[in-house]
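Here are some notes on the structure you asked me to look over. They cover a few individual residues and the enclosed and open spaces.

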Amino acid sequence: MTPVSERDDLEFNYRIDGPIDQAFHSHPWYEVYYFHEGVCNYLIGDRIYSLAPGDLILMNGMTLHRPKVDPNHPYVRTVIHFEPSLLKPFQDLPRSVPILQPFRTLSNYRLSLEGKDREEVERLLETMRGYQLEGGAVAEGRLLLAFADLLHVIYGLCMQPLRSRPNAPTEKERTVQRVITYLEERFTEELDMDRLQADLHVSKFYLSRLFKEVTGFTIFDFVFQRRINEAKILFLLDPGLSVTEVGFRTGFKHLAHFSRLFKRQVGMTPEKYRKSMRKQQER
């Protein structure tokens with residue numbers, strides 16, 4: 001990464017197209033990622049985003065993420081890493097808007113930009129690049145102003161999804177989030193309600209009822225969905241793995257159960273999905 005000037009609270013890399021390390025990674029900064037061109041599946045946690053030019057992703061950084069790119073096509077992207085404290089002066093202004101809220105509330109979120117929205121974002125990125133090349137204290141200050149303007153644009157585009165997210169979780173939601181965190185760390189292991197009750201120190205009957213009430217599905221619906229998402233990631237990263245191996249790695253004891261749930265969730269058998277991933281890599 002080439003930092004802006006001497007500062008270490010903002011890294012701006014415009015239209016980079018060089019080779020990348022495709023390993024999973026995380027970092028303590030917030031990130032704005034803009035996809036210009038190429039063929040890329042972006043993996044963030046257990047989600048796979050098939051990117052199109054004009055896609056912009058907000059990331060809180062701490063979730064493991066990595067791009068999976070087709071080396072036969074140029075992979076052009078702009079990446080901005082920044083410390084949230086960098087924007088404090090703008091948030092202290094009268095009548096300021098909470099431009100960091102999308103990163104905090106939506107966590108990892110994709111915007112698919114078109115038309116005037118895409119033109120405006122690309123214009124601001126190009127403006128930032130101009131100031132970066134110019135150098136000096138004045139240009140650096142104007143770059144920061146342009147970046148704050150970009151975050152205002154992003155905030156405006158995120159207002160609708162932000163309205164649909166509650167600001168403060170209830171006690172029930174905090175309990176369910178604790179269950180989800182527990183399951184995220186152990187979803188490939190052998191799980192049952194007795195183990196959850198013992199590890200979380202909450203009645204299994206209360207946990208079952210509360211989880212369904214808050215999320216709309218059962219604890220094991222969540223576990224199986226998480227395992228299938230993980231299976232999709234494994235097939236994407238290594239299509240040479242057998243269906244049986246992927247099933248075992250993701251916590252399924254029986255191949256028939258894995259295949260049935262995979263087809264129900266994905267719409268095709270795991271074998272067919274694996275073959276489609278192999279064809280993508282052979283292009």
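1. A residue is called buried under 20% relative accessible area, exposed over 50%, and partly exposed in between. The model is predicted. Aspartate 238 has a relative accessibility of 37%, so it counts as partly exposed. Aspartate 238 sits in the loop that runs between H8 and helix H9 (243-249). From its C-alpha to that of lysine 275 is 11 Å in space, while the two residues are 37 apart in sequence.

2. Arginine 227 belongs to helix H8, which spans residues 219-237. Arginine 227 is buried and forms no salt bridge. Which side chain of opposite charge is nearest to arginine 227? That side chain is glutamate 190, at a distance of 8.3 Å. A salt bridge needs a side-chain nitrogen of Lys or Arg within 4 Å of a carboxyl oxygen of Asp or Glu, and the 8.3 Å to glutamate 190 does not meet that.

3. The side chain of arginine 227 does have a backbone partner: one of its polar atoms lies 2.9 Å from the backbone oxygen of glutamate 189. Leaving aside residues up to four places away in sequence, arginine 227 touches Phe187, Thr188, Glu189, Thr250, Gly251 and Phe252.

4. Asparagine 60 lies in the loop between strand E5 (55-59) and E6. Is asparagine 60 buried or exposed? Its relative accessible area is 18%, so asparagine 60 is buried. Residues touched by asparagine 60, with those up to four places away in sequence not counted, are His27, Trp29, Tyr30, Phe103, Ser107 and Asn108. With serine 107 there is also a polar contact, side chain to side chain, at 2.8 Å.

5. Serine 107, the partner of asparagine 60 in that polar contact, is placed in the loop between helix H2 (101-106) and strand E8 (109-112). With a relative accessible area of 23%, serine 107 is partly exposed. Its phi is near 65°, a positive value in a residue other than glycine.

6. Histidine 201 likewise is not a glycine and has a positive phi, about 60°. The loop that holds histidine 201 joins helix H6 (193-200) and helix H7 (204-215). Histidine 201 has a relative accessible area of 69%, so it is classed as exposed.

7. On enclosed space: how many cavities of 30 Å³ or more does the structure hold? There is 1. The largest cavity contains about 40 Å³ of space. Its lining consists of Asp8, Asp9, Leu10, Glu11, Trp29, His81, Phe82 and Glu83. Strand E1 (10-16) and strand E7 (76-82) are the elements that give two or more residues to this lining. Trp29, listed in the lining, is also among the residues touched by asparagine 60.

8. On open space: the second largest pocket has about 410 Å³. Its lining comprises 19 residues, and those nearest the centre are Val39, Asn41, Lys68, Leu236 and Gln280. Two or more residues each come from strand E3 (40-44), strand E4 (47-50), strand E6 (65-69), H8 and helix H11 (270-282). Which element gives the most to the lining of this pocket? H11 does, with 4 residues. H8, another contributor to the pocket lining, is the helix in which arginine 227 is found.

Terms used: Residues numbered from 1 in each chain as written. Predicted model: local features only at pLDDT ≥ 70, side-chain atom pairs only at ≥ 80, totals over all residues. Heavy atoms only, no water. Buried < 20%, exposed > 50% of the residue type's maximum accessible area, 1.4 Å probe, protein only. Lys, Arg positive; Asp, Glu negative; His and termini not counted. Polar contact = N/O pair within 3.5 Å; in protein donor to acceptor, adjacent residues only side chain to side chain. Contact = heavy atoms within 4.5 Å. 1 Å grid on protein atoms, 1.4 Å probe; cavity = no way out; pocket = protein on both sides within 12 Å on 5 of 7 lines; lining within 4 Å. Points joined across faces, edges and corners; volume = space filled by probe spheres on them.
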